[in-house]
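The following paragraphs lead the reader through a structure, from helix contacts to nonpolar cores and two individual residues. Please keep the sequence and the model at hand while reading.

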Amino acid sequence: MFGNGRKTIGVILCDVSSHYQEQVCHTITSYAREIGYNIAYFTYFTCYGIDTRNGRGETNIIHLIPYEKLDAIIICHDTIVNPAALSKIWESVEKRCNCPVVTLRHDAEKYPCVLVRQEHMIEQLVYHFTDEHHKKRIAFMSGPFDHPDSKERLEDYKRGLANRNIPYDESLVFEGDFWNKKAKEAADYFTMELDEMPEAIICANDYMATSLSNELISKGFLIPDDITVSGFDDIWESSIYMPPITTVSVPVEEMSRRAVRLIEHMWQGKEIERVNYLDASVVIRNSCGCQTFSMQAMLAKRVRQVKEHSRIQELIQANTYMFVDLSDIDNLDGIENRVRLLDYSDKHVRNFFICLGEGKGTHYPKYRSAGAGFAKKSKAVGAVMNRKSIETEIFDTSDLLPAEAVEPGPMIYYFFPLHNNQYSFGYFAVSYEGVYGIDKVFENWLAILGNALETIRIKQKNQGLLQELNNLYVHDALTGLYNRRGFDSISQICYSKAKKEKTGLAIIAIDMDNLKVVNDRFGHMNGDLALKTIGKAMEQAAKKEDACARVGGDEYNVVGVGYTKEDAEKFVGDFQAYLEDFNETSELPYLVQASVGYFILEPGDEKGLEECIHAADEQLYEHKRKKKEKKLDSVIRWEE
């Protein structure tokens with residue numbers, strides 16, 4: 001994989017900019033760079049929901065994973081909240097994967113896994129609140145009730161109460177979302193809807209703990225004076241919250257390293273334990289009422305928080321500029337410079353590729369599909385290596401990157417879907433300097449790029465429709481030649497050009513003989529065939545720069561610049577020869593014939609364009625009269 005002779009580990013996870021996932025990626029990336037492995041992170045975001053059109057576009061990234069080509073796979077099972085996506089991942093692993101597979105925080109039964117012993121951690125928090133702080137009325141903010149972690153942590157909560165002889169009260173349990181959307185509803189419930197407010201609230205994760213604390217404080221309650229709060233997972237935000245949140249720490253770094261080491265052992269043929277356990281631990285901070293506050297540590301974390309906040313503001317501003325810059329985009333030329341990734345002050349972005357599927361059409365995006373999967377071939381329409389634009393060739397999508405991306409050292413890439421709602425265009429691949437996490441607002445950047453691709457597609461479609469309408473406006477639908485409007489426009493251009501270049505201008509007038517007879521005797525389909533044959537004869541006889549037109553039912557004109565009388569005579573001869581050849585080989589019961597006249601406007605002649613056209617018509621009519629006089633205008637080949 002990646003063509004540099006190194007083993008490649010695929011890592012499947014969701015919401016890569018979240019704290020836990022960020023720790024996983026940092027650890028695996030650091031270890032891979034140290035040992036010399038390639039890493040391919042396949043990830044998407046759930047910020048817009050999983051059961052939306054956008055959610056379907058996001059989860060399509062799982063169909064990009066080249067299971068057959070990877071040397072190992074790590075599945076961060078608990079980060080992937082879409083059941084359908086999880087089911088598809090495991091189905092693909094079963095059918096297509098012939099390499100080691102390791103799961104984090106989930107026992108998939110037949111595959112090695114790294115688990116965290118956390119089944120008694122909520123129980124330990126209950127003991128801390130009862131034994132150390134003498135709390136009796138302890139509430140629990142769960143995650144979604146049907147989530148495995150929610151079920152386990154709720155049982156821990158019940159067991160902790162039972163072991164301290166505190167009756168379980170179902171009314172003290174509130175169903176949250178493992179995020180911050182239900183914080184206000186939970187705060188209202190615990191402080192206004194219950195007959196008696198709880199003394200402590202144990203939250204099933206830190207996101208709910210911090211957001212619930214915000215809502216409680218906004219209602220005028222002090223933490224921990226009026227009510228105590230705890231969380232779970234020990235995300236970075238919980239350590240800098242005021243007051244810092246008591247929580248449960250999961251050994252993410254050791255867990256991630258253990259997963260890679262298990263893979264190495266399987267590569268080496270060593271025996272391994274299928275289930276590998278690590279221990280979680282309770283982290284005591286101020287939100288439960290303990291005095292653990294360290295001003296120096298808090299200041300250091302606050303400095304980091306301020307820097308991160310400034311960084312986010314910079315990224316939001318850059319995304320805004322990008323959105324404005326792309327609002328009038330109508331093609332992808334130089335797109336790698338317009339997406340502004342190289343403008344970031346930290347210079348972390350090193351390589352990136354905007355990979356779009358190959359499909360019909362001449363302009364990208366050529367591929368747009370609401371179905372699962374990606375085009376078989378892709379093209380990096382925007383490609384940057386070592387912060388400089390490069391040109392790349394079309395490549396097999398299963399290779400993930402173009403051949404020009406190959407580097408001798410370890411290659412660490414994140415792969416994201418590029419889409420607009422459920423419609424996929426391709427994917428985005430990015431590599432960073434050193435060990436660097438995905439930006440907090442990167443999902444917005446990807447959404448802007450996806451919308452820009454849809455804007456370009458719509459503009460190109462509209463341009464094509466406009467061009468088709470314009471073509472219909474100035475072209476004859478039957479023959480494909482210019483129509484009267486087209487001839488009026490192009491003949492004026494040719495007239496002006498001939499005057500400017502002081503060269504001859506030819507106006508050739510052609511009229512089909514006996515169209516009415518053909519229509520009446522043999523039907524309009526045969527009449528149309530005859531008319532088209534006249535058009536083909538004109539195009540065959542004309543010069544490349546000449547303009548041929550059907551200006552009426554059976555009337556045609558040709559206009560050409562740089563003509564002499566000899567050129568005009570040659571046109572007439574070639575035109576009539578084409579018709580003669582057609583009639584000789586045709587088995588039609590009629591002859592396709594036409595009369596021709598022309599006028600050459602010599603340099604210095606001051607006749608206007610209309611006079612030239614009239615002069616050509618006069619010669620045409622003279623030709624017709626002579627043919628009738630000599631009875632050369634018979635169209636019927638034989639009588640039926």
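In this predicted model, a convenient place to begin is a contact between two helices, in which Met121, Ile122, Glu123, Val126 and Tyr127 of H4 meet Arg153, Asp156, Tyr157, Arg159, Gly160, Leu161 and Asn163 of H5. Sorted by class, the residues of this contact of H4 with H5 comprise six nonpolar, two polar and four charged. Helix H4 spans residues 121-132, and its axis comes within 7 Å of that of H5, with a crossing angle of roughly 35°. The crossing in which H4 passes H5 is right-handed.

Helix H5, residues 148-163, also contains Asp149. Is Asp149 buried or exposed? Its relative accessibility is 18%, and Asp149 therefore counts as buried, the cut-off for buried being under 20%. When neighbours within four places in sequence are left aside, Asp149 is in contact with Gln118 and Phe178. The C-alpha atoms of Asp149 and Glu119 are separated by 9.2 Å, and these two residues lie 30 residues apart along the chain.

A second helix pair involves H1 (residues 19-35) and H9 (residues 252-267), whose axes come within 8 Å and cross at roughly 45°. Because of this angle, H1 is oblique to H9. The crossing of H1 past H9 is right-handed. On the H1 side, the contact is made by Tyr20, Gln23, Val24, Thr27, Ile28, Tyr31 and Ile35; H9 contributes Val252, Glu253, Met255, Ser256, Arg257, Val260, Arg261 and Glu264. Eight of the residues in the contact of H1 with H9 are nonpolar, three are polar and four are charged.

The loop between strand S1 (8-14) and H1 holds Ser17. With a relative accessible area of 9%, Ser17 is buried. Which residues does Ser17 contact, leaving aside its neighbours within four places in sequence? They are Phe45, Ile438, Asp439, Lys440 and Glu443. The C-alpha atoms of Ser17 and Val441 are separated by 8.3 Å, although the two residues are 424 residues apart along the chain.

Attention may now turn to the nonpolar cores. In soluble globular proteins, nonpolar side chains tend to be buried together. In this model, the largest nonpolar core has 108 residues. Those with the most contacts inside this core are Tyr157, Phe352, Ile354, Phe416, Phe428, Phe442 and Trp445. Helix H12 (residues 442-474) supplies the largest share of the core, namely eight residues. Tyr157 thus appears in two settings: among the H5 residues that meet H4, and among the residues with the most contacts inside the largest core. Trp445 touches Asn319, Met322, Val339, Leu341, Tyr344 and Phe428, residues up to four places away in sequence not being counted. A second, separate core has 41 residues, including Ile62, Leu70, Trp90 and Ala108.

The final helix pair is that of H14 (residues 515-522) and H15 (residues 524-541), whose axes come within 7 Å and cross at roughly 145°. Leu515, Val518, Asn519 and Phe522 of H14 make this contact with His524, Asn526, Gly527 and Leu531 of H15. Four residues of the contact of H14 with H15 are nonpolar and four are polar, and no charged residue takes part.

Definitions and conventions:
Residues are numbered from 1 along each chain as its sequence is written. This is a predicted model: local features need pLDDT of at least 70, side-chain atom pairs count only at pLDDT 80 or more; totals for chains, interfaces and linings use all residues. Side-chain values use heavy atoms; hydrogens and water are left out. Axes are lines fitted to C-alpha atoms, for helices over the stretch in contact, and angles run from 0 to 180 degrees between N-to-C directions. Helices (H or I, at least four residues) and strands (E, at least two) are DSSP runs, numbered from the N terminus. Angles under 35 degrees count as roughly parallel, over 145 as roughly antiparallel, 65 to 115 as roughly perpendicular and the rest as oblique. A crossing is left-handed if the near helix is turned anticlockwise from the far one by less than a right angle, and right-handed if clockwise. Contact means heavy atoms within 4.5 Å. Ala, Val, Leu, Ile, Met, Phe, Trp, Tyr, Cys and Pro count as nonpolar, Asp, Glu, Lys and Arg as charged, and the others, Gly among them, as polar. A nonpolar core is a set of buried Ala, Val, Leu, Ile, Met, Phe, Trp, Tyr and Cys residues joined through side-chain atoms within 4.5 Å. Buried means under 20% relative accessible area, exposed over 50%, partly exposed in between (1.4 Å probe, protein chains only).
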